[in-house]
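Me: Could you take a close look at one part of this model for me, the place where two neighbouring helices meet? I'd also like to hear how that part connects with its surroundings.

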Amino acid sequence: RIRYIGGFGEMSWVDGSSFCEAVPDAVAASSRGAVEHMNEDHLDAVLAMTQAFGGLPQASAATMLALDRHGFEVLAVTPEGRRRTRVPFDQPLSSADDIR
C-alpha cells in the first residue's frame with residue numbers, strides 16, 4: 001500500500017496494483033487555464049453543478065479547485081461551513097480538448 005498525501009487534510013491509501021496500473025491524466029495536466037476561467041467567469045455554473053451533482057444542494061458559493069478526466073474538485077460554502085466535494089463527469093474526458 002502507498003500513502004497519498006495531497007496537502008493539509010487530503011490523504012488516503014492506494015494499493016500497489018492500482019498505483020502500478022495508473023496512467024498520467026492529460027486533462028489534469030492542462031486544466032489550469034480552464035479552472036481559472038471557470039472561477040473568473042462562471043462561478044454561477046460551478047455553484048449550480050456543485051448543488052446538483054456534488055451532493056451539496058445547500059451550498060451558497062463554490063470554487064473549482066482542480067479538474068481531471070473524471071470530474072472536478074470544489075470547495076463550497078455551506079450552512080455548516082466550508083466543505084470539499086467532487087463533481088463527477090458522466091464519462092471520462094479523453095483529452096484536454098474535451099474540457100469545453
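Reply: Here is a walk through the helix contact, followed by the core and the strands. Please keep in mind that this is a predicted model.

Let's begin with the two helices. Helix 3 covers residues 32–41 and helix 4 covers residues 43–53. Their axes lie 5 Å apart and cross at an angle of about 100°. An angle from 65 to 115 degrees counts as roughly perpendicular, and helix 3 and helix 4 are therefore roughly perpendicular to each other. On the helix 3 side, the contact is made by M38, N39 and D41, while helix 4 brings L43, A45, V46 and M49. By type, the residues of this contact between helix 3 and helix 4 comprise five nonpolar, one polar and one charged.

From there we can move on to the largest nonpolar core, which has 15 residues. The members that touch the most others are A62, M64, L67, F72, V74 and A76. Helix 3 and helix 4 each supply at least two residues of this core, and so do strand 3 (61–68) and strand 4 (71–78). V74 is a good one to click on: beyond its neighbours within four places in sequence, V74 is in contact with T50, A62, T63, L65, R83, R84, T85 and V87.

Finally, a look at the start of the chain. Strand 1 (residues 2–7) and strand 2 (residues 10–14) run antiparallel and are joined by five bridges. I2 stands opposite V14 of strand 2. The hairpin of these strands has two residues between them, and G9 takes a positive phi near 70° there.

Methods
Residues numbered from 1 in each chain as written. Predicted model: local features only at pLDDT ≥ 70, side-chain atom pairs only at ≥ 80, totals over all residues. Heavy atoms only, no water. Pairing = 2+ DSSP bridges. Helix = DSSP H or I, 4+ residues; strand = E, 2+ residues; numbered from the N terminus. Axes fitted to C-alpha atoms, helices over the stretch in contact; angles between N-to-C directions. Parallel < 35°, antiparallel > 145°, perpendicular 65-115°, else oblique. Contact = heavy atoms within 4.5 Å. Nonpolar A, V, L, I, M, F, W, Y, C, P; charged D, E, K, R; others polar. Core = buried A, V, L, I, M, F, W, Y, C linked by side-chain atoms within 4.5 Å. Buried < 20%, exposed > 50% of the residue type's maximum accessible area, 1.4 Å probe, protein only.
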